[in-house]
Amino acid sequence: MNKTIGVLGGGQLGRMLAESANRLNIKLVALDKPAAPAKQITAHGAHVDGSFKDPASIRALASAVDVLTIEIEHVDAVVLAEVEAAGTPVHPAPSTIRLIQDKFEQKRHLRAAGIAVPDFVGLESNSMEELARVGDLLGYPYMLKSRKEAYDGRGNFPVSSRDSIPAAQAALAGRPLYAERWCPFECELAVIVVQTSTDTLTYPAVETVHADSICKLVYAPARNISTATAAAASALARRAVASFSGRGIFAVELFLQPSGDLLVNEIAPRPHNSGHWTIEACPLSQFDAHLRAVLDLPLPPSSLLPREPAIMLNILGGAASGAHLALVDAALATPRCSVHLYGKGPGTPGRKMGHITLTAPSMSEASALMAPLVHVADQIAARVGADVPPPLAAPAPLVAVIMGSDSDLPTLAPCLDLLEKLDIPADAHVTSAHRTPAEMASFASRAAQRGYKVIIAAAGGAAHLPGMAAAYTPLPVIGVPVKGSSTDGMDSLLSIVQMPRGVPVATVAIGNGVNAALLAARILGVHDVRVRERVERYASEAHAEVRGKEGRLEGMGWREYLQGMKK
Ligand code: ADP
Ligand code: MG
C-alpha cells in the first residue's frame with residue numbers, strides 16, 4: 001500500500017488505527033500533541049505536532065497525506081471543508097462532522113430524517129427561568145446536555161428537580177446547552193456501522209454498560225435481547241448512518257426502552273469504545289474496517305462476523321497514581337484476555353488508560369472469567385471496598401431444560417444429572433405452553449441472546465412445549481416425550497415428532513432424558529472440543545461397561561449371572 005492517511009487526533013483510537021495501518025504498510029500521520037498515544041507506536045518524522053482545532057496544523061497535515069480522517073469529532077470542520085475543496089479527500093464528510101459535533105444539531109438532523117430520538121428542546125439561555133420552563137415541559141428528572149465538546153459524560157447533568165437547577169448551571173457554565181427528556185431505558189445498545197463507497201455494513205448489536213456516565217463494559221453480542229430487537233437495532237443504526245455522507249466507521253448509541261422500542265442516543269462519526277472488542281473477536285476490527293472504507297479497499301461483509309462472544313472492560317484511572325495497574329496485573333494472569341494499554345502515563349480518575357477484551361466459546365464462560373476483573377475495576381473506582389472478596393461466579397447455563405409441569409421433573413432428573421457429569425452448565429425451568437404462554441414465549445425468544453445454546457423441552461399429553469419453544473427461538477430444541485398417567489406416552493411422542501415443516505424439533509425416545517442430554521452435548525461439541533472429548537469419554541465408558549458385562553457373563557455362565565442380577 002503506498003497511500004498515506006492523515007488522522008486528526010492521536011489518542012487511543014488513533015493508536016489502534018495505527019496498529020491496523022502498520023500491518024498493511026499504510027503510513028499513518030497523526031496530528032496531535034507531541035508523543036500522543038498514536039505517535040508512540042509509529043516512528044517516522046511526518047507526524048504533525050499541534051492541535052486538531054488549529055487551521056494551520058490541519059492544512060500542514062493535509063499537505064502531507066493522500067486522504068484525511070478523524071479519531072475525534074471536536075475538530076475544525078470549516079478548515080476540513082476548505083482542504084477537501086482544495087483536493088484532499090476527507091472521510092467522513094466535513095459536513096457530517098460539523099453536524100455531529102453539535103449534539104443539538106445532530107438530534108435535529110436525526111429527527112428530520114425520521115429517526116426515533118428522545119424528546120429534546122433547545123435552550124435560549126441557561127437562566128433559572130429557562131431551565132425551570134424546560135422542567136415544566138419535559139418533567140423531572142431531565143438531562144441537561146452541552147451541545148459541544150461532550151464526551152464520557154463530561155457535558156451531561158441530570159436535573160432531578162427545580163432545586164438542582166443551580167448545581168446544573170454551575171456544572172455546565174459557559175457552554176451552549178440543550179435538554180432531553182429522561183429516558184428510563186432497559187439497557188443501552190450500540191451498533192458499529194461501516195459506510196463504504198457502495199455499502200452500509202454492520203457489526204452485531206452490543207450491550208454497553210455505563211457507570212458514572214463512562215462506558216465500563218461491552219457485551220458482544222448484546223445479552224438478554226431477542227434476535228428481533230438485535231435486528232431492529234442494526235436496521236435503525238443503518239438508517240441513521242445512511243442519513244450522513246462520507247465513508248468510514250460510525251458508532252450508533254441506542255436506548256432500548258421497556259416497551260421494546262429503540263431510540264438513537266447519539267452517533268460518533270469514527271471508531272468507538274463500543275467496538276474495541278472487534279480487534280480480537282472478528283476477522284476485521286473496526287479499525288481495519290475504517291481504514292479499508294476510507295481508502296476504498298475491499299471489505300467482505302462476512303469478515304465483520306464475530307468468531308466468538310466477547311466482553312470488553314475499560315481500564316480506567318483511579319484516585320491514586322497508577323491505581324489501574326492492579327487491573328492490568330489481574331488481566332495479564334487471566335486466561336483468554338487481551339490487554340491494551342494506551343501509553344497515557346500514571347492516570348487520573350476515570351481516564352481511559354486501556355482496555356481488556358476476553359473472548360470465549362460462550363458468553364457464560366466469558367462472564368465467569370471476567371467477573372473477578374470487574375470486581376478489581378470496581379475496587380479501583382471505589383465502588384466496592386478494597387477488603388471485599390471477589391464474587392463467586394458460576395458459569396451461566398448453556399442448556400435450558402424446560403418442562404410444562406413439575407411432574408415432568410422425575411423424567412428429566414437423569415438428563416440434568418448427566419449434563420452435570422459432562423460439566424455442561426444447565427438450569428431447569430417450569431414454563432407451560434398452555435398455562436403461561438406469554439412467559440414461555442418471552443423465555444424462548446430471549447434464550448439465544450442470554451447465552452443458551454440448546455433447549456431441552458419435556459412435555460406429556462398434548463406436548464406443545466417443545467414446538468412452541470422452537471417457534472420462538474433459532475436454537476436447536478430437543479423434545480422429550482413424557483409418559484402420562486392415563487396414556488403410554490405415544491400421544492406426546494407423536495405430537496412432538498409431528499412438527500410442521502419449517503419448525504424442527506429433535507425428538508428422543510419416550511422418557512429418555514439421558515439421550516436428550518447426550519444430543520445436547522454433541523451439539524455443543526461441534527464448536528467446543530472440550531465437550532466433544534467428554535462425549536467421547538462417556539461413550540468409551542459405556543463401551544467398557546458393556547465389555548465388562550460380556551466378560552462376566554462368559555466367565556460365570558448365564559445361570560449364575562442371572563442369579564446375581566436377581567440379588
Ligand atoms: P457522552 O458524549 O458523554 O457519551 P451521552 O449523551 O451519550 O454523552 O450520555 C452519556 C450517558 O448518559 C449515556 O450513555 C446514558 O447512560 C446517559 N444518558 C444520556 N442521555 C440520557 C437521557 N436522555 N436519559 C437517560 N440517560 C441518559
Ligand atoms: Mg455517548
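**Exercise 1. The chain as a whole**

How much area does the protein chain expose, and what share of it do carbon and sulfur atoms supply?

*Solution.* The model is a predicted one, and the values below are computed from it. Begin with the surface: the protein chain exposes about 25000 Å², and carbon and sulfur atoms supply 55% of that area. Turn next to the interior, where buried residues make up 50% of the 567 residues in the chain. The overall dimensions follow from the C-alpha trace, which spans about 100 × 55 × 55 Å along its principal axes. The secondary structure comprises 20 helices and 22 strands. Finally, among contacts with a separation of 6 or more, residues 24 or more positions apart account for 63%.

**Exercise 2. The surroundings of ligand 1**

Describe the shell around ligand 1, starting from its residues and ending with the elements that supply them.

*Solution.* First, list the surroundings: 20 residues surround ligand 1, and the closest are Lys 145, Gly 153, Glu 188, Asn 265 and Glu 266. Second, sort the shell by character, which gives seven nonpolar, five polar and eight charged residues. Third, look for short distances between polar atoms. An oxygen atom of ligand 1 is 2.6 Å from an N or O atom in the side chain of Glu 188, and a backbone N or O atom of Asp 152 lies 3.1 Å from an oxygen atom of the ligand. For Glu 253, an N or O atom of the side chain is 3.0 Å from an oxygen atom of ligand 1. Fourth, consider the cover: of the 550 Å² of accessible area that ligand 1 has on its own, the protein covers 94%. Last, assign the shell to elements; those that give two or more residues are strand S6 (142-146), strand S8 (177-181), strand S13 (248-256) and strand S14 (262-268).

**Exercise 3. The buried faces of two helices**

Determine how the buried residues of helices H15 and H12 are arranged about the helix axis, and identify what packs against them.

*Solution.* Take helix H15 (residues 437-446), whose buried residues are Met 440, Ala 441, Phe 443 and Ala 444. Viewed down the axis of H15, these residues fall within an arc of 165 degrees, so they line one face of the helix. The spacing can be compared with a general rule: an α-helix has 3.6 residues a turn, so residues three or four places apart point the same way. The partners of the buried residues of H15 are strand S18 (399-403), strand S19 (426-430) and helix H16 (465-472).

Repeat the steps for helix H12 (residues 325-332), in which Leu 327, Val 328 and Ala 331 are buried. These residues cover an arc of only 105 degrees around the axis, which puts them on the same side of H12. Their cover includes strand S15 (310-316), strand S16 (337-341), strand S17 (352-359) and helix H13.

**Exercise 4. Four residues in their settings**

For Asp 49, Glu 365, Gln 106 and Ala 516, state the element that holds the residue and then work out its contacts beyond four places in sequence.

*Solution.* Asp 49 lies in strand S3 (residues 48-49) and has a relative accessibility of 49%, so it counts as partly exposed, the cut-off for exposed being over 50%. Asp 49 touches Leu 31, Asp 32, Lys 33, Pro 34, Lys 39 and Ser 57, and with Lys 39 there is a polar contact of 2.7 Å between the side chains.

Glu 365 belongs to helix H13 (residues 363-380), the helix that is also part of the cover over the buried residues of H12. Glu 365 touches Ala 360, Asp 528 and Arg 530, and its side chain makes a polar contact of 2.8 Å with the side chain of Arg 530.

Gln 106, in helix H6 (residues 103-112), is buried at a relative accessible area of 1%. Its contacts are Leu 99, Ile 100, Glu 266 and Ile 267, and Glu 266 is also one of the closest residues to ligand 1.

Ala 516, in helix H18 (residues 513-525), is buried as well, with a relative accessible area of 0%. Ala 516 touches Ile 456, Ile 478, Val 480 and Val 508. As a last step, set sequence against space: Ala 516 and Asp 417 are 99 residues apart in sequence, while their C-alpha atoms are 12 Å apart.

Terms used
Residues numbered from 1 in each chain as written. Chains lettered and ligands numbered in written order. Predicted model: local features only at pLDDT ≥ 70, side-chain atom pairs only at ≥ 80, totals over all residues. Heavy atoms only, no water. Near = heavy atom within 4 Å. Polar contact = N/O pair within 3.5 Å; in protein donor to acceptor, adjacent residues only side chain to side chain. Areas by Shrake-Rupley, 256 points an atom, 1.4 Å probe, with all protein chains shown as cover. Nonpolar A, V, L, I, M, F, W, Y, C, P; charged D, E, K, R; others polar. Buried < 20%, exposed > 50% of the residue type's maximum accessible area, 1.4 Å probe, protein only. Arc of directions from axis to C-beta. Contact = heavy atoms within 4.5 Å.
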